[in-house]
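Me: I should like to learn how to read salt bridges in a structural model. Could we work through the case shown here?
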Amino acid sequence: RDASMAGEEVDRCCVSVAEGDCALKGCELTSVGGYGVMVWGVAAPSIEECVLTGSRQAAVICGGYSRTSFRRNRVHGNGGFGVVVVDCAGGRFEGNAIAGNGKCGVVCAGKSEAVFELNDVSDGAQGGFWLRDDTKCVITKCTVRGNARVGIQVSDASDPLVEGNEIRGGRNGGVVVHDRAKGRFFSNDVVDNAQAGIGVMDNASPLFVGNRLQGNRAGGAVMAGNATAVLTNNAISENGFAGIGLKECAKPVLIDNRIVNNRGYGVLVHGQSHCEVSGCLLEGNYGSGLCASGSSRVGVRNCTVRGGEGEHRESTGLQVQDFAHVEVKDCVVTGHSGSNVFGRDESSLVLRAGFVSHAHGAGLVLQGRCRARMEGVQVGENRVCNVIALDKSTLDMVEGAVSDSRGVGLMVSSGARAALNGVAVSGNGGAGIYGTGGGGVVVKGCRVSGVVVKGC
């Protein structure tokens with residue numbers, strides 16, 4: 001305990017290691033004025049089964065080109081950080097319990113490349129892990145729980161590997177990546193955090209593969225600024241607000257994700273965000289499967305957007321509003337309690353190939369001044385109506401089919417305009433085409449069963 005020792009240098013730490021491979025085992029280390037252990041130079045100490053507590057700055061700091069083996073220690077109740085790795089230091093930190101420290105449990109900075117494996121990092125007053133500067137540390141098989149602010153924060157130009165961890169119960173978010181940071185996040189469970197499971201902002205560009213984002217109260221993944229994250233093969237479910245929420249100028253790529261049963265939107269795209277969604281399943285989200293608003297731009301390819309069953313039934317599959325633009329190709333949009341596809345305001349929508357079917361309401365609904373174009377799309381077996389165009393909306397439909405609704409095939413009303421070229425309109429329970437209320441319809445080269453015109 002340095003409080004009982006004299007000397008300026010000793011007052012900064014309890015044990016200082018500048019070279020060699022000394023061993024500390026079974027010790028209790030406390031520095032009321034500074035650090036429990038300082039490791040510098042090219043030292044390679046072994047620190048095992050120690051208790052490091054009550055130090056003002058940090059329990060242990062490793063700098064220089066040191067390589068520390070730090071195993072099965074208890075690091076708790078320090079006034080500052082638990083473990084600090086800076087400069088070009090590295091080493092293995094394995095099987096430690098790091099809890100209840102006054103700042104973050106672990107800080108990796110500089111060009112450090114430490115490996116953290118099988119640690120329990122909990123209840124940090126300013127977070128669990130903070131990875132900054134140019135660090136390329138590895139965090140694997142750790143439990144990160146109950147930390148304030150965020151479980152893992154990745155900032156500056158750091159580029160860590162974060163794999164196979166459980167990040168849960170944070171009093172704020174699970175993972176935040178910002179500034180110019182990157183990072184590879186593989187097979188982590190990010191669950192039950194008070195805010196978003198993952199937050200990506202500024203100019204960050206991380207990669208998320210095979211993670212489970214579940215039960216986070218303010219979204220599975222939320223992105224803002226100019227973030228350009230890639231998310232692939234993630235399971236995103238039962239999150240509040242949205243499975244994935246985008247705002248400002250975020251430009252992520254979403255590939256082969258399973259986005260189901262979220263307590264809001266599946267994917268919400270807002271502001272000036274641009275998003276590419278490919279091969280994803282969106283099902284049973286309480287709001288719409290995908291909602292594009294503001295002046296966002298979204299491409300949707302080879303996706304399945306399903307209504308789900310019971311309490312997990314989406315009201316709308318694809319919702320496009322404000323000035324947003326969405327292009328959909330080779331997708332199946334089916335089984336929603338309201339409409340499968342809904343466009344309104346000044347938005348625009350392009351659908352190519354694919355199926356729009358089995359809605360309890362309508363297959364496609366257009367309102368306001370929405371502009372839609374459909375090429376080779378099969379719209380069928382929607383209960384109330386296959387396609388409804390209202391207000392000042394416009395629809396251009398080329399080839400494809402409008403068939404087998406219990407109600408009307410195509411309804412055009414209230415000043416809307418529709419043009420059909422080479423479309424098969426057949427098998428609907430009501431009229432194939434129903435024009436009324438000042439709507440206008442142009443039909444060319446189509447097969448149509450049943451036309452009703454009233455004031456059209």
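Reply: Let us begin with one pair: Lys141 forms a salt bridge with Glu117, and their closest N and O atoms are 3.9 Å apart. This pair links distant parts of the chain, 24 residues apart: Lys141 is in the loop between strand E17 (138–140) and strand E18 (143–145), while Glu117 is in strand E14 (residues 115–117). Please note that the model is predicted.

Me: Is Glu117 buried or exposed?

Reply: The general idea is that a residue counts as buried under 20% relative accessible area. Glu117 is therefore buried, at 16% relative accessibility. Lys141, at 48%, is partly exposed.

Me: Which residues are linked with Glu117 and Lys141 in a network of salt bridges?

Reply: The network also includes Arg71, Arg92 and Glu94.

Me: How many salt bridges does the count come to?

Reply: The count comes to 16 salt bridges. One of the pairs is Arg72 with Glu49, whose closest N and O atoms are 3.4 Å apart. Arg72 lies in the loop between strand E8 (67–71) and strand E9 (74–76), and Glu49 in the loop between strand E5 (46–48) and strand E6 (51–53), so the pair ties together parts 23 residues apart in sequence. Arg72 is partly exposed, with a relative accessible area of 45%, and Glu49 is partly exposed at 38%.

Me: What parts does the salt bridge between Arg352 and Glu327 tie together?

Reply: The closest N and O atoms of Arg352 and Glu327 are 3.5 Å apart. Arg352 lies in strand E44 (residues 348–352) and Glu327 in strand E41 (residues 325–329), so the parts joined are 25 residues apart in sequence.

Key
Residues are numbered from 1 along each chain as its sequence is written. This is a predicted model: local features need pLDDT of at least 70, side-chain atom pairs count only at pLDDT 80 or more; totals for chains, interfaces and linings use all residues. Side-chain values use heavy atoms; hydrogens and water are left out. A salt bridge is a side-chain nitrogen of Lys or Arg within 4 Å of a carboxyl oxygen of Asp or Glu. Helices (H or I, at least four residues) and strands (E, at least two) are DSSP runs, numbered from the N terminus. Buried means under 20% relative accessible area, exposed over 50%, partly exposed in between (1.4 Å probe, protein chains only).
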